[in-house]
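The following note sets out points on the structure for a colleague's consideration. It takes up burial, the sheets, the ligand surroundings and some loop residues in turn.

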Amino acid sequence: MARLVIFGAGDIARLAHHYFKTDSPHEVAAFVVDREFKTTDIFDGLPLCATDELVARYPPSDYSAFVAVSYARMNRLRQEKYEAMKAAGYQCVSYVSSRCTYLSTTPPGDNCLILEDNTIQPFVTIGNNVTLWSGNHIGHDSTIEDHCFIASHVVVSGHVRVGAGSFIGVNATLRNSITIGPQTLIAAGALVMKDTAAGGVYFQERAKRAPQSSDEIDL
Ligand SMILES: CC(C)(COP(=O)(O)OP(=O)(O)OC[C@H]1O[C@@H](n2cnc3c(N)ncnc32)[C@H](O)[C@@H]1OP(=O)(O)O)[C@@H](O)C(=O)NCCC(=O)NCCS
C-alpha cells in the first residue's frame, strides 16, 4: 500500500481519487496543482497544495504520486506533469480496475489508469502513463506506447502498435497488424484500416458510393 498525492484538481483527479479509494490498496493523502491553479486549500475533501511546497509537505520518501490530468495538447500536458513528478523523485503508481479483464502477464507501466470493463488480451504490452477509459478491447500481441489516451469502447485488434502520445476517441476501431504513428489523433467512431502517419488526424471515411437516402436501400 502507498500513500498517494494526486496531481490535478479537475474531473480526472476526482475520478482517480474515487477509484483509488474504493478499489485499490492505496490511500490518497492530498492533491497538488501548480500554484497559479491553486484557488482553494481543499479539493474533494483533502488538502490541495502547490507544487512548490509539495516535496516539503509530502516528501517522495513517504508518498507516491499519480498524475491525473486531461489529454490536453495531445497528451503533452499529461506527459510533462508525469515527467515533472518523476524528476522530483516520486514513484508513480498505476490503477487497474478489479473489474478489468487483464490477461497479459506483462503488467502495465507506471501512472496508468485502466478502468472497468477493459479487456487486455494475452501478450499485450502497455507502457507508462497510459489511460484506458472504460470498456476497451486491446487485442493480443498489441502494444500501447507511453502517454496514450484511449477513450471508451475502442477496439484495438491483435498485433497493433499504438505510437506514443496518441489519442483514440470513443468507439474507434483499429484493424489488426497496423501501426499507429506517434501523436496520432483518431476521431470518435473512426475505422482505421492502415498505418497512420505521426501527428495525423483520422476520421471515419465515407464509403465512395454511399446512398444519399435510406429510400435508396432495399432492406
Ligand atoms: C476529432 C475531434 C477531436 C475534432 O474536434 P473539433 O476540432 O472540435 O471538431 P468539431 O466538433 O468542430 O467538428 C468539425 C467537423 O468535423 C466533423 N466531425 C467531428 N468529429 C467527427 C467524427 N468523429 N467523425 C466524423 N465527423 C466528425 C463535425 O461534424 C464537423 O463537421 P461540419 O463542419 O461539417 O459540421 C472530435 O470530433 C473527436 O472525435 N473527439 C473525440 C471525442 C471523444 O472520444 N471523447 C471522449 C473523451 S474521454
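1. A residue counts as buried when its relative accessible area is under 20%. The model discussed here is a predicted one. N111 has a relative accessibility of 1% and therefore counts as buried. This asparagine sits in the loop that runs between β7 (101–102) and β8 (113–114).

2. The backbone of N111 also deserves attention. Most residues other than glycine have a negative phi. N111, although not a glycine, has a positive phi of about 55 degrees. N171 is another non-glycine residue with a positive phi, here of about 65 degrees. Its place is the loop between β17 (167–168) and β18 (173–174).

3. Turning to the sheets, one open sheet is built from five strands in the order β3-β4-β2-β1-β5, with mixed pairing. Its edge strands are β3 (42–43) and β5, each of which pairs on one side only.

4. Within that sheet, strand β1 (residues 3–7) is mostly covered, with four of its five residues buried. β1 pairs in the parallel sense with strand β2 (residues 27–33), over five bridges. V5 has A30 of β2 as its bridge partner. Between these two strands the chain passes through helix α1 (residues 11–23), and the resulting β-α-β crossover from β1 to β2 is right-handed.

5. β1 also pairs with strand β5 (residues 64–67), again in the parallel sense and over four bridges. Here I6 has F66 of β5 as its bridge partner.

6. A further open sheet has four strands in the order β10-β13-β16-β19, and its pairing is parallel. Why do β10 (125–126) and β19 (179–180) each have one side without a neighbour in the sheet? Both stand at the edges and have a single partner strand each, so one side of each is left without a neighbour. Strand β13 (residues 143–144) and strand β16 (residues 161–162) form a parallel pair with two bridges. I144 stands opposite V162 of β16.

7. G163 belongs to the loop between β16 and β17. This glycine counts as buried because its relative accessibility is 3%, where the cut-off for buried is under 20%. Its C-alpha atom is 5.4 Å from that of I180, and the two residues are 17 apart along the chain.

8. Which residues are around the ligand? They are Y71, F149, A151, F167, G169, V170, L185, A187, A188 and F203. By class, this shell comprises nine nonpolar residues and one polar residue, with no charged residues.

9. Two backbone contacts with the ligand can be described. A backbone N or O atom of V170 lies 2.8 Å from a ligand oxygen atom. A polar backbone atom of A188 is 2.8 Å from a ligand nitrogen atom. On its own, the ligand has 920 Å² of accessible area, of which the protein covers 36%.

10. For closer inspection, the following points may be taken together. The positive phi values are those of N111, at about 55 degrees, and N171, at about 65 degrees. N111 is also buried, at 1% relative accessibility. At the ligand, the backbone contacts of V170 and A188 may be viewed alongside a shell that holds no charged residues.

Definitions and conventions
Residues numbered from 1 in each chain as written. Predicted model: local features only at pLDDT ≥ 70, side-chain atom pairs only at ≥ 80, totals over all residues. Heavy atoms only, no water. Buried < 20%, exposed > 50% of the residue type's maximum accessible area, 1.4 Å probe, protein only. Pairing = 2+ DSSP bridges. Right-handed = clockwise from strand over helix to strand, strands pointing away. Near = heavy atom within 4 Å. Polar contact = N/O pair within 3.5 Å; in protein donor to acceptor, adjacent residues only side chain to side chain. Areas by Shrake-Rupley, 256 points an atom, 1.4 Å probe, with all protein chains shown as cover. Nonpolar A, V, L, I, M, F, W, Y, C, P; charged D, E, K, R; others polar.
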